[in-house]
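This account is intended for a reader who meets the structure for the first time. Its topic is the disulfides and their surroundings.

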Amino acid sequence: MKLQQRKTRLRAAALGALAVSGALVLTACGSDNNSGSTGGTGTKTNAASNVKCDGAKGQLRASGSSAQKNAMDLWAKGYMAACSGVDINYKSSSSGEGIVAFNQGTVGYAGSDSPLKPAEVADSKKVCSGGRGIDLPMVGGPIAVGYHLEGVDNLVLDGPTLAKIFSAKIKTWDDPAIKKLNPGAKLPSKAIQPFHRAEDSGTTENLSKYLTAAAPGDWKYPVGKSWPAPGGQAAAGSAGVSQQVKQVDGSIGYFELSYATSQKISTVKIDTGASSPAEATSENASKAIAAAKVVGTGSDLSLKLDYTTKADGAYPIVLVTYEIVCDKGNKADTLGTVKSFLNYTASDDGQKQLSTAGYAPIPAEINAKVRKTLATIS
Amino acid sequence: MATTTQIDTPPPETPLHTPSGQSTGRLGDRVFMGLTRGSGVLLLVVMAAIAGFLTYRASIAISKDHGNFLTTFDWLPSQTPPVFGIAVLLVGTVISSVIAMVIAVPVAVGIALFISHYAPRRLATTLAYVVDLLAAVPSIIYGIWGALILVPYLGGLNGWLDQYFGWTYIFDQTQSGVSRNMLTVGILLAIMILPIVTSVSREVFLQVPRMNEEAALALGATRWEVIRLSVLPFGRSGVISASMLGLGRALGETMAVATVLSPSYVMSLHLLDPGGGTFAQNIAAKFDEANPLGRDALIASGLVLFVLTLLVNGAARLIIARRKEYSGANA
């Protein structure tokens, strides 16, 4: 009798489980259909947003720099809304990981804060049959130097002072060098606590490039992704550094502008020698990127930034993130999508959206070159 | 207790296990013996495979290292020529684990004694349950908690230690107002290993033969004397095993350390200064961006951690073996 009872109970439980899982499966299908139907009605072009979807189909996987993640999210959303049946999946990891994934052939394109190195180009030839990996500048942005100092909300620094702060040669906030740049501010004698990235990072590399160019006498460390200077403290990721700066009074650190705005961290204005110090904004970053020169050979469009620009309002600590694709020998099943999607991101419409997300558009003439190059990749 | 032990032993006429290792020939016995033996062999094979893989990849990296792998204070495998060494990581791993043990073991033994011998039953069950719950908290949660709560609040303790114990060298703080250091890591690790040490110690203390305790009480011993004379000697090997389990956790902890520590490759024994690093933290921080040689170098550092853990476990086995006379098996 008891056994019988248990059996029925078991059966009921099994039925219940079946019902629940069945419902889950059904709703899963439902949501799939929904996303499909919101994607458009199957038209190849959507006049409203000027997205050309020719040849785009299926799933496009990409990976790389976390610096351009927010831009990619924005673009992918706009693009997928216009082109039905295309799924763009940008995995935000890091520039190095993106390049590794690209050279293993697991992604359609990679995002990176720094152009391919010669060894990486050599590796890319195995994946790009008959071609090589090329860099297409796509997203620009300021690297904000954020600080936390009670009672001081308008701090101006220049390249040499920043270099000395980040290499622990200037140790307190009332140092003469800082006083000279901020005559009006009440600077406390508090110890400066510089924070840098704990892991290898493209942001570190770009800051290091800036300091090398802007303060050659004070910054003599090798330029690389790992933090080279002595002193200071490390924290994991932009999120970790900005969180420490927010928390610790007397601290200073560097990260993408979006981390400063979202956490309301004050940013340093840079005295470049122009008439007034430049603030870290996407507009000011664009002005500095405008001075960049293309130094890549062939269809490679890697840029050389001018970190010592004295143009009015140009914020010099900027980074440019690239999309890396093959010039020849892209995988047939993603080539169409890559071309069409990157054409959209490099278009005037696509670039215009960047400033809304705290990024800086790439100068129009370089953009035109990117689009021209995209037309030739195969 | 002694009488129950006798009843528990199987009657001699049906030996389950003859000295030569042969079974009685029944099918179930043979199948079961095969299964257990197979599992044992499988474990050895897996361990050997891990060791082999680590050694192979490590040898690739070490052959290309332009520094001394054991004594270099740097980790630059992507530089040309590549230079990297584990000195700072080894010292950091050992120091942080030692701090964790020094803090956690006495506290854990105290909690275990309180739960097993002092607390009223209802409180004891609740407390035991709460301590066990601590073990279920994922380490990244400890990391976030450490970074948001522990690090800011330990600033005061660090200043105090620097002021009164600065003369001890290890508590001398050269960079003031900083608490993303090895001491903080040690304290966080101590909290993380507390549940495992406590719960095993408690189990051991509950196994102390009732007769021993009653005999001590009958001779007029106080409760503390009972604990000192019968509970602690009986439980010692158990507490050592528990501590080794905790130490194993502390040695390999990754995310919590990576979140709380400010790593650097400067060798410093000032516990209150930021710097240092551990094997696991270094692997977590460097793996994502590492080139192929960098990955091999990290695997080589992993091999050192593997060997370190084996040594620690071996040492623990030795200690326990030497204290066999107190172990539960002979009680």
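Is A:C128 buried or exposed? The model is a predicted one, and in it A:C128 has a relative accessible area of 0%, so this residue is buried. The threshold behind that statement is a relative accessible area under 20%.

A:C128 is joined to A:C326 by a disulfide, with 1.9 Å between the two sulfur atoms. This disulfide connects distant parts of the chain: A:C128 belongs to the loop between α4 (118-127) and β6 (133-148) of chain A, while A:C326 belongs to strand β15 (residues 318-326) of chain A, and the two are 198 residues apart. The torsion about the S-S bond of A:C128 and A:C326 is -70 degrees, and the link is left-handed. A:C326 has a relative accessible area of 3% and is therefore buried as well.

A further disulfide is found between A:C53 and A:C83, where the S to S distance is 1.8 Å. Because the torsion about the S-S bond of A:C53 and A:C83 is about -75 degrees, this disulfide is left-handed. A:C53 sits in the loop between β2 (51-52) and β3 (58-64) of chain A, and A:C83 sits in the loop between α2 (69-82) and β4 (86-92) of chain A, so the disulfide ties together parts that are 30 residues apart in sequence. Both A:C53 and A:C83 are buried.

Over all chains, the count of disulfides is two. When the bonded cysteines of chain A are numbered in sequence order, the pairing reads 1-2, 3-4.

Technical notes: Residues numbered from 1 in each chain as written. Chains lettered and ligands numbered in written order. Predicted model: local features only at pLDDT ≥ 70, side-chain atom pairs only at ≥ 80, totals over all residues. Heavy atoms only, no water. Disulfide = S-S within 2.5 Å. Helix = DSSP H or I, 4+ residues; strand = E, 2+ residues; numbered from the N terminus. Buried < 20%, exposed > 50% of the residue type's maximum accessible area, 1.4 Å probe, protein only.
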